[in-house]
Amino acid sequence: MSRDISDVTRARHGRPVHHWRRNVVELAAVLSAVAVAEAVATLNGHGPGAPALLLTSAALLVATAGFHLWRTRRQGHAPPTSDTGARPRSEAQTGPSDQPRETTATVSEEGALWRMRTTVRDEPGSLAALCMALAELRVDILSLQTHPLAEGTVDEFLLRAPGGLAAADLARAVSAAGGDGTWIERADAHDLVDAPTRVLGLATRTALDAAELPLALRQLLGRCTIRSLPAVPAVGSRRPEPVPVEGALEDTVMRLRAPEGGVITVERPYLPFTPTEFARARALVELDARLGPRVPRGQDVLTLPKGNDITVHRADAGDLQAAKEMHERCSARTLGMRYHGPIGDADRYLNHLLSPRFGRTLAVRTASGRVVGLGHLLWDGDETEIALLVEDAWQRCGIGGELLRRLVAMAVEARCASVYAVTQASNTGMVAAMRGLGLPLDYQIEEGTLVITARLDAPRDEQAPERLSNARELGTA
């Protein structure tokens, strides 16, 4: 795409470049005026008109300096001397697509970060006009990415705006400068990393842990809903529709072939995906497919309050047989509170739960090597579910609380806003474990089923962040 870099540089700083020759001439004129006034005053030093002459000269100098200052400031906000090609559109041309998707938030007095995306014409000067409009509002451009389209280009900005500037005002200025389909949302410090560095970091995380793929896609594409549909559906689910090898992109939905043969669906209803984003997502999924199933191999040995030593580690399909044997030792009541369905189907859920494609699983083993507890952190679209199962003989020993703290710490590390647990209203142990996190909780109950949601972005007591930080260090080993 053609871009006028000189215009962009000038617009970003909010002022045209002044020529030094003109400044020298103006300074010489002022000094000459001072010299003439002094000579005249010296010749008439003893005359009656000398004081009046000096006062008149001083007034002229002050007026000259004031005019120079006014002229400089006025030119500092003047439009560029060359035509950028951008024109404010009339009200007849301005439609719903010209309005921002989010216009209610405002920047705090100390300023804030914004992510903004808008479409501009593919012609010289279009980006310069847009940058000039931002400069007029004293908005600083921290980074810029371009997504070429068949017609036009989608420009994605990371902005730092001054206090008091509303998103609606920012969007109106961008629209007047030629931007179309403007979308704005608040950003944070994580967005300050440049795009290549962020993509490399996400690729590294995906290479180390297969469970990171959905999280990496979410951070790569922004706010979106990601669902992994297995090739062999779980109990009560239907088989997903087939997807081409190269994937499919339809406006706000992209469908990719999962590495294990299923389908990964990414949906972002508020903003269409660009071909550039689709290519990046395909590359990340292809990397995951080439590396195959993998889970970090690490474990922690802990001593329970009763003196028993246990080992906590990440689990995968290799722990399937040990998990089934634990099911056989669990009572019907324990399995019923965990799976909320026929007990005979419990083993069938394990293939899904132990797959790193759908989340993370922690297993607790005794000194003899038996699995006595499982904790699951499951990616459920744009939400995150937590589930626990502890063998009857090892309940009330602190295993459930330990697993829960580690899983919540993982969710915090993954930048999840909340986690939820589905259990029965009579499961007092799960309720107590959730309350022990020290986080704000929401309760919803219907026909005996209790859903407890913990907000991770607002700790309720001062010790909760420290407890979660310690658990995170242990849970990710």
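**Salt bridges, helix pairs and unusual backbone angles**

R314 and D209 form a salt bridge in which the closest N and O atoms are 2.8 Å apart. This pair, found here in a predicted model, ties together distant parts of the chain: R314 belongs to strand β10 (residues 309-314), D209 sits in the loop between α6 (195-208) and α7, and 105 residues separate the two. Both partners are buried, R314 as well as D209.

The bridge between R314 and D209 has company, as a search of the whole structure finds 18 salt bridges. Another of them joins the side chains of D288 and R294, with an N to O distance of 2.7 Å. D288 has a relative accessible area of 0% and is therefore buried. R294, with a relative accessible area of 13%, is buried too, because buried means under 20%.

A further salt bridge brings the side chains of E402 and R406 together, again described by an N to O distance of 2.7 Å. Here the partners share an element: E402 and R406 both lie in helix α12 (residues 399-413), 4 residues apart, which is about one turn of the helix. E402 has a relative accessible area of 16% and so is buried. R406 counts as buried as well, at 1% relative accessibility. Elsewhere, salt bridges with shared partners connect R115, R117, E156, E185, R223, R268 and E277 into one network.

Two of the residues already met, D288 and E277, return in a helix pair. Helix α7 (residues 213-221) packs with helix α8 (residues 275-291) at an angle of about 160 degrees, and their axes are 11 Å apart. Angles over 145 degrees count as roughly antiparallel, so α7 and α8 are roughly antiparallel to each other. Their crossing is right-handed. On the α7 side, the contact is made by L213, A216, L217, L220 and L221; on the α8 side, by E277, R280, A281, L284, V285 and D288. Sorted by class, the residues of this contact are 8 nonpolar and 3 charged, with no polar ones. D288 of α8 thus takes part in the contact with α7 and also in the salt bridge with R294, while E277 of α8 takes part in the contact and belongs to the salt-bridge network.

A second helix pair is formed by α9 and α11. Helix α9 (residues 320-329) and helix α11 (residues 346-353) pack with their axes 10 Å apart and at an angle of about 150 degrees. The angle makes α9 roughly antiparallel to α11, because it is over 145 degrees. The crossing of α9 and α11 is right-handed. Contributing to the contact are L320, A323, K324 and H327 from α9, together with A346, D347, L350 and N351 from α11. By class, 4 residues of this contact are nonpolar, 2 are polar and 2 are charged.

R314 appears once more in the surroundings of T361. T361 is placed in strand β11 (residues 359-366), and with a relative accessible area of 2% it is buried. Leaving aside residues up to four places away in sequence, T361 touches H313, R314, A315, L353, L354, L374, G375 and H376. R314, one of these residues, is the partner of D209 in the salt bridge described at the start, and L353, also touched by T361, falls within helix α11 (residues 346-353). For H376, the C-alpha atom is separated from that of T361 by 4.5 Å, although the two residues are 15 residues apart along the chain.

The backbone offers two further points of interest. Most residues other than glycine have a negative phi. D251, which is not a glycine, has a positive phi of about 55 degrees. D251 is found in the loop between β6 (248-250) and β7 (253-257), and it counts as exposed, at 53% relative accessibility. R415 likewise is a residue other than glycine with a positive phi, near 65 degrees. R415 lies in the loop between α12 and β14 (418-424); the helix on one side of this loop, α12, is the one that holds E402 and R406. At 42% relative accessibility, R415 counts as partly exposed.

Note on methods:
Residues are numbered from 1 along each chain as its sequence is written. This is a predicted model: local features need pLDDT of at least 70, side-chain atom pairs count only at pLDDT 80 or more; totals for chains, interfaces and linings use all residues. Side-chain values use heavy atoms; hydrogens and water are left out. Axes are lines fitted to C-alpha atoms, for helices over the stretch in contact, and angles run from 0 to 180 degrees between N-to-C directions. Angles under 35 degrees count as roughly parallel, over 145 as roughly antiparallel, 65 to 115 as roughly perpendicular and the rest as oblique. A crossing is left-handed if the near helix is turned anticlockwise from the far one by less than a right angle, and right-handed if clockwise. Contact means heavy atoms within 4.5 Å. Ala, Val, Leu, Ile, Met, Phe, Trp, Tyr, Cys and Pro count as nonpolar, Asp, Glu, Lys and Arg as charged, and the others, Gly among them, as polar. A salt bridge is a side-chain nitrogen of Lys or Arg within 4 Å of a carboxyl oxygen of Asp or Glu. Buried means under 20% relative accessible area, exposed over 50%, partly exposed in between (1.4 Å probe, protein chains only).
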